[in-house]
Amino acid sequence: MSLSSKDVAKVGSLARLALTEADLERMTGELSKIVDFVSQLGELDTSAVEPLAHPLDTRNVFRDDIPAPSLTTEQALGSAPRHDGSCFLVPAVLGESGAA
Amino acid sequence: MTPTPVTPAAEPFTTVIGLEVHVQLQTKTKLFCGCSTTFGAPPNTHVCPTCLGLPGSLPVMNRTAFELAMRAALALNCQIASFTKWDRKNYFYPDLPKGYQISQFDLPFSSAGHLDVVDPKGAFSRRVRITRVHLEEDAGKSMHDEAAGVADTRIDLNRTGTPLCEIVSEPDLRSPQEARAWLNELKLLLVYLGVSDCNMQEGSLRVDANVNLHIPRPDGSLAKTPIVEIKNVNSFRSVERAIAYEAVRQFEEWQATGAELGSAPKQTRGWDDPAGITRAQRHKEESSDYRYFPEPDLVPVTVSEEQVAAARAAMGDPPSVYRGKLAERWSITPYDADVLVNQGRDLVAWYEELATLTGDGKVASNWMQQDVLRTLNERGGTIGEFPMKPAAVADIITRVAKGDFDTSRGREIFATVLATGRSVTDVIADMGIAAVGDDELETLCHELLAANPKIVADVQGGKEQAAAGLIGQAKKKNPNVNPAKVREKCLELIRRG
Amino acid sequence: MQLSERSATEIVSAVRAGDISAVECVTAFLDRIELLDGKVNAFLAVNREQTLAQAADIDARRAAGKPIGPLAGLPVAVKDALCTTDFPTTCASKMLAGYRPPYDADVVARLRRADAVIVGKTNMDEFAMGGSNENSAFGPVHNPWDLSRAPGGSSGGSAACVAADMAPVAIGSDTGGSIRQPAGLCGITGFKPTYGRVSRRGLVAFASSLDQIGPMARSAADCALIMEAIAGHDPGDATSLTTTVPSYSQLLDEPLAGLRIGRVTEHYGPGLDPEVARGVDEAFAVFKAAGATVHDVELPHAKYGIPTYYLIAPCEASSNLARYDGAHYGARAELGRGTSAEYVGSFESPLMEMYCRSRAEGFGPEVKRRIMLGTYALSAGYYEAFYAKALRVRRLIQQDFLKAFEKVDLIAGPVSPTPAFPLGEKTGDPLAMYLVDMYTVGTNLAGIGGISFPCGFTKAGLPIGFQLQGPALAETLLLRSADRFQRLTDWHRRRPPLSV
């Protein structure tokens, strides 16, 4: 199974990774090889196997609804590339919607 | 452009509406960390490594949030799953610092419920099926001053990680009015059960509406318009307006283009409240590829039948049940019970105290609706802030019942107590209201009859209603007299001759 | 013996007895770092003054007769994937260059409470993705046994600094072998505990269902000592186990008589270096001599470990690394300037440019590759064929282990197919690099524990690593078995011929 550079460009956009022409070409080759490699899992009949997403069989871990100290605003914004002392600043968000 | 109002009967289509409601659960702390959920704090003061999504931070589930969400689901008659887990919904947005929202995808903790809405005046009665209720975290807040041009957007993450219950209905509603009434019922239910304060101004309740039309064709088949999701609706009134607008817009678009369901992906439109219109929102094709997968930082939750039963028992009556019980207990009409219950649990408690003290649920209900509620509406505030206690109002009602004075005199006393803040007894004394004794009453009536021979003659001639003319004069002579008693006594004296 | 050659156990008791001060001890290692790290590049951050001040505080408390912790004065190097308030935490990425967390990882907090002294943050593969430490944005680590060779990865700095006596112990993290493989290639002992035994809070996440923190030291006994301090339930990590932590170091003396060790037949396949195979066979002989019995066991799905791992780990990573987007912390590309013209396509908004360029310019090639792979494997239309498929095979792999542990107490074999390889040998071939984890990923997929330690040397003088894997929560048995081996051999005492 091989990926086209169009597939890779689409994944790059989904992953928010800007790609140069050279990146795109190299990544298309590398990802195709890796995808080929991992596709060997297709040899196994797993139709009767339940997925295992997590090694633990722990259930029902909760914490009580008790307030804990928050960070100070200075700490919260301390590593922000841009802030105005009370909020994080990002380039204008205009008409772009978040989640459904 | 605002749509021309169309009467339901005249509509050549049926509006099909499904709602998606997000309510903030009434917890002290966020869903996955100990930061406060209090509204209105200065930006970025209720944040910690977990809700900021700092490297290495981990979520731990708030037990109370899960319990409240389960209570909401039970109240919505949902099935509670015996096994549930959380998933990551991946998308990039500056108010979502982790780059994913912890939500529930394929195994929500509850599904397949319903909530009925009945118009007390009988205009509609609808069972709306609930597809699912799930528990997820909220995002933060982006603030952009568009007027200021292309400046930066400011991000406040105080709200990030606040517990939300997402309630998704089936497309079972059939008019904007129904949608609004159903939302009122939902809000009432959630507030009754202490699940949420449902304060829309503070974002504790948010509504998206999925709307399309079913248009009968001449051949009897149905044309279905593409589904539009309306977002950014900030009040139930706006929901009603937005759906009404959207229905007309879709009908006009269908007439113009003939576009039907399936011809285009679901469109998102934002409600512009001042303009009264919906506007198409930008929607990226890829943005719906959320790459859900099980959240590895949380463990699944299992719920036993015993736990469900216990939660159900602890839940208390939902408003729909409470209306019936209240009507039966106090012998009031379903309409009256509806009005009272719709005002919320505290007001119902106030009413029941009043009804108990007076022993007359019907009269207490009248006083609640005509006096207490009217005053509350004028003054604003909640029943908890009402300056009179049930005992004071009961005092007035009891005196009216005893015949000390009539209802209108009682209302004057009620108004004076509210205006002056003095006690009922003091106000009665101040106004010189004293019970009129039997002898005093008889003397007064003799005087009236002597002064009004025409009325006496009329009554003797069979026109009993003529006695009404005596009441006004009696009130002038002594404002404390009970008109009914004056009328009764005068008729008796005339008959006696 | 020089102070820097002493074991952690010896150092702790010497400080407690007052034979050496914490300051002396820390100074010896800081001096050694100063002397050698120019060649090894094991550390990303060292702060002499701060570290000495912390050591002085411990000495003062001891002098005042106040209580001191069980690791008082012990220098510990910490992988740069663990959050520390007093050192930057970068994960060896340009993305987090200079980033200073406002909180300590649970493990770091536990070490501090035990009065250990953190001497520095160690180099690693960027975001723990790699098996050679060549994916560090701050230069590769050099293997102390041969500076032209890789130390393994991703905890390469932690392994190399212990091998070169720049720290008696180090903390690493292991997602697919990142503690055990570099320990094997550097001739030290590395322990990957059962998933959930050590809190992950404050460990910068790579693949959350696989990540686990563990100690790296010169001996299993030292690993046991560190485990006592760092293991245990953390209410801030929902996946942290509540089981009581045994006093590992007190439980090492019991002999191995009757221990059943499984020899995995699938491990002797193509790719296994003959010298490594010989070293491993000799190790089995040592265990037999100690009273253990060796049995062949099968892990039929072992060969699917790497493809399974290279789906699950990148999928989780693609989500875990979404937070590095230039918005709230970390590097943000300078917009409207620089190289945007070289990128394919155009950015539809300044926000999009911030995201795409910050990530393109902040992450290195391997990290990007895995984010791309994971994003692809989770995306609409591919989820079932890739991610869900891998989860099903993951269960088969876990079942293989459960079945094997019905027959034997521990499973053993090589840590990696080859000894340390030359720097640059595999950098052009991602798939070849992925195969270095072929014997270690199964442990993480199954969520069980494993330990690796040296069992011999190649003719060229490179360490050969041996691995033991145990059932969930078999920490004591793994540490005791490795310790027994080290009581009978001296491979772990050999020091690299590092000329100063």
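Visitor: Is B:Lys224 buried, partly exposed or exposed?

Guide: In this predicted model, B:Lys224 is found in strand β13 of chain B, which covers residues 222–224. A residue counts as buried with 20 or more other C-beta atoms within 10 Å and as exposed with 12 or fewer. Because B:Lys224 has 16 other C-beta atoms within 10 Å, B:Lys224 is partly exposed.

Visitor: Which residues is B:Lys224 in contact with, leaving aside its neighbours within four places in sequence?

Guide: Sequence distance and distance in space can be set side by side here, for B:Lys224 and B:Phe13 are 211 residues apart along the chain, while their C-alpha atoms are separated by 9.6 Å. Once the neighbours within four places in sequence are left aside, the residues in contact with B:Lys224 are B:Asn212, B:His214, B:Glu260 and B:Leu261.

Visitor: How does the radius of gyration of chain B stand against the globule rule, and is chain B compact or spread out?

Guide: Chain B has 16 helices and 18 strands, and its C-alpha trace spans about 95 × 60 × 55 Å along the principal axes. For 497 residues the globule rule gives 23 Å, and the radius of gyration of chain B, at 30 Å, is well over that value, so chain B is more spread out than a compact globule.

Visitor: What share of the residues in chain B is buried?

Guide: Contacts in chain B between residues at least 6 apart in sequence give one view of its interior, and 70% of them join residues at least 24 apart. Burial gives another view, and of the 497 residues in chain B the buried ones make up 44%.

Visitor: Within chain B, how far does helix α11 reach from its first C-alpha to its last?

Guide: Helix α11 of chain B runs over residues 407–420 and has 14 residues. At 1.5 Å a residue, the expected reach is 20 Å, and the helix comes close to that value, with a reach of 20 Å.

Visitor: Why do the buried residues of α11(B) lie on the same side, and what arc do they cover?

Guide: The buried residues of α11(B) are B:Arg409, B:Gly410, B:Ile413, B:Phe414 and B:Val417. In general, an α-helix has 3.6 residues a turn, so residues three or four places apart point the same way. The buried residues lie on the same side of α11(B) because the arc they cover around the axis is only 150°.

Visitor: Which helices do the buried residues of α11(B) pack against?

Guide: The face turned away from the buried side of α11(B) carries the exposed residues B:Ser408 and B:Ala419, and just after the helix B:Gly421 takes a positive phi of about 75°. On the buried side, the residues of α11(B) pack against three helices of chain B, namely α9 (361–379), α10 (390–402) and α12 (424–430).

Visitor: Where chain C touches chain B, which element of chain C gives the most residues?

Guide: The contact takes 35 residues from chain C and 25 residues from chain B. On the side of chain C, the elements that give two or more residues are α9 (305–320) and α11 (365–378). By class, this side of chain C has 19 nonpolar, 10 polar and six charged residues. The element that gives the most, with three residues, is α9(C).

Visitor: And which element of chain C gives the most to the side that touches chain A?

Guide: Here 57 residues of chain C are in contact with 46 residues of chain A. The elements of chain C that give two or more residues to this side are α9, α10 (350–362), α11, α12 (384–407) and α13 (430–434). The residues of this side divide into 33 nonpolar, 12 polar and 12 charged. With 11 residues, the element that gives the most is α12(C).

Visitor: How does the radius of gyration of chain C stand against the globule rule?

Guide: Chain C has 15 helices and 11 strands, its C-alpha atoms fill a box of roughly 65 × 55 × 45 Å along the principal axes, and 66% of its 500 residues count as buried. Chain C is as compact as a globular protein of that length, because the globule rule gives 23 Å for 500 residues and the radius of gyration is close to this, at 22 Å.

Visitor: Is C:Phe287 buried or exposed?

Guide: The place of C:Phe287 is in helix α8 of chain C, residues 274–289. Not counting residues up to four places away in sequence, C:Phe287 touches C:Ile261, C:Ala292, C:Val294 and C:Phe485. Since 20 or more other C-beta atoms within 10 Å make a residue buried, and C:Phe287 has 24, C:Phe287 is buried.

Technical notes
Residues are numbered from 1 along each chain as its sequence is written. Chains are lettered from A and ligands numbered from 1 in the order in which they are written. This is a predicted model: local features need pLDDT of at least 70, side-chain atom pairs count only at pLDDT 80 or more; totals for chains, interfaces and linings use all residues. Helices (H or I, at least four residues) and strands (E, at least two) are DSSP runs, numbered from the N terminus. The expected span of a helix is 1.5 Å times one less than its number of residues. The arc is that of the directions from the helix axis to the C-beta atoms. Two residues are in contact if their C-beta atoms, placed from the backbone, lie within 7 Å. Ala, Val, Leu, Ile, Met, Phe, Trp, Tyr, Cys and Pro count as nonpolar, Asp, Glu, Lys and Arg as charged, and the others, Gly among them, as polar. The radius of gyration is taken over C-alpha atoms; the globule rule is 2.2 Å times the number of residues to the power 0.38.
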